[in-house]
Amino acid sequence: MLLGRSLAGRPIRAVEIGDPQLPTSLLVVGCVHGNEPAGIRVARALEAHPPAARVWVIDDLNPDGVAADTRQNAQGIDLNRNFPWRWRPLSHASGQYSGPRPLYAPEARIAERFILRVRPRVTVWFHQPLAVVDQSGGDPAVERRFARLAGMREARLTRYPGSAVGWQNHVLPATTAFVVELPPGPVRHAERLVGALRAIAAG
């Protein structure tokens, strides 16, 4: 499904897998920062092995950043600082420019509209390079279970203004969104990560 296009006109798509008759149990976002693309491979591997649940996958929310190998989108905006919850202005010099206002970036608007429409029970946002599952403010049991199944450690990372998971956990409090920070470089053991995602999707 075409959700929209990036600032430079690249398509941003969501793939529905599993059982479409069920409520959405899982959304996976493979890449938010263009220089952290390892989650794209995990997202596509999940698409190839659909669980017995309804799952949506956005392989790449920031295709312009991936093409340029930059954290930000083509406007120089850090998409993970451009969501409305506790947004505040961050400068270009910070490397985390949050845009002139919340949801200024078309990619952030695309994600916001889609999430509010499908209301996933769990959302996993892949990042790099810290190799941890972040205790992101949703249901800690879900985060803990994913970390155990994926063979990753847990940690509570810094809470940043305007983050996607902070916004999602605030506006959809009955759901859980969390960050999975993959190690640097190409992803290894994608099968184990896919297995963890499938288990989380199944409930």
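In this predicted model, helix 5 gives the most to the lining of the largest pocket, contributing three residues. The volume of this largest pocket is about 540 Å³. Its lining comprises 27 residues, and those closest to the centre are Asp 134, Thr 158, Arg 159, Tyr 160 and Ser 163. Two elements, helix 5 (164-171) and strand 9 (176-181), give two or more residues each to the lining. Sorted by class, the lining of the largest pocket holds 12 polar, eight nonpolar and seven charged residues.

The second largest pocket encloses about 200 Å³ of space. It is lined by 14 residues, with Met 152, Pro 183, Arg 188, His 189 and Leu 193 lying nearest its centre. Nine nonpolar residues enter the lining of the second largest pocket, together with two polar and three charged residues. Leu 193, one of the residues nearest the centre of this pocket, also takes part in the contact of helix 6 with helix 4 and in the contact of helix 6 with helix 1.

Helix 6 packs against helix 4 as follows. The axes of helix 4 (residues 140-150) and helix 6 (residues 190-202) come within 8 Å and cross at roughly 145°. The crossing of these helices is right-handed. On the side of helix 4, the contact is made by Val 142, Arg 145, Phe 146, Arg 148, Leu 149 and Ala 150, which meet Arg 192, Leu 193, Ala 196, Leu 197, Ala 199 and Ile 200 in helix 6. The residues of this contact fall into nine nonpolar and three charged, with no polar residue.

Helix 6 also packs against helix 1 (residues 38-48), at an angle of about 60° and with the axes 9 Å apart. Helix 1 and helix 6 are therefore oblique to each other. This crossing, too, is right-handed. Arg 41, Val 42, Ala 45 and Leu 46 in helix 1 meet Ala 190, Leu 193, Val 194, Leu 197 and Arg 198 in helix 6. By class, the contact of helix 1 with helix 6 contains seven nonpolar and two charged residues, and no polar residue. Leu 197, like Leu 193, is listed in the contact of helix 6 with helix 4 and in that with helix 1.

Helix 5, which contributes to the lining of the largest pocket, packs against helix 3. The angle between helix 3 and helix 5 is about 30°, and their axes are 12 Å apart. Angles under 35 degrees count as roughly parallel, so helix 3 is roughly parallel to helix 5. Helix 3 passes helix 5 in a right-handed crossing. Glu 112, Ile 115 and Leu 116 of helix 3 and Trp 167, Gln 168 and Val 171 of helix 5 make the contact. These residues divide into four nonpolar, one polar and one charged.

Two features of the backbone concern loops. The peptide bond from Gln 128 to Pro 129 is cis, with omega near 10°. Pro 129 is placed in the loop between strand 6 (122-127) and strand 7 (132-134). Asp 69, a residue other than glycine, has a positive phi, near 55°. Asp 69 lies in the loop between helix 2 (63-68) and helix 3 (106-118).

Note on methods. Residues numbered from 1 in each chain as written. Predicted model: local features only at pLDDT ≥ 70, side-chain atom pairs only at ≥ 80, totals over all residues. Heavy atoms only, no water. 1 Å grid on protein atoms, 1.4 Å probe; cavity = no way out; pocket = protein on both sides within 12 Å on 5 of 7 lines; lining within 4 Å. Points joined across faces, edges and corners; volume = space filled by probe spheres on them. Helix = DSSP H or I, 4+ residues; strand = E, 2+ residues; numbered from the N terminus. Nonpolar A, V, L, I, M, F, W, Y, C, P; charged D, E, K, R; others polar. Axes fitted to C-alpha atoms, helices over the stretch in contact; angles between N-to-C directions. Left-handed = near helix turned anticlockwise from the far one by under 90°. Contact = heavy atoms within 4.5 Å. Parallel < 35°, antiparallel > 145°, perpendicular 65-115°, else oblique.
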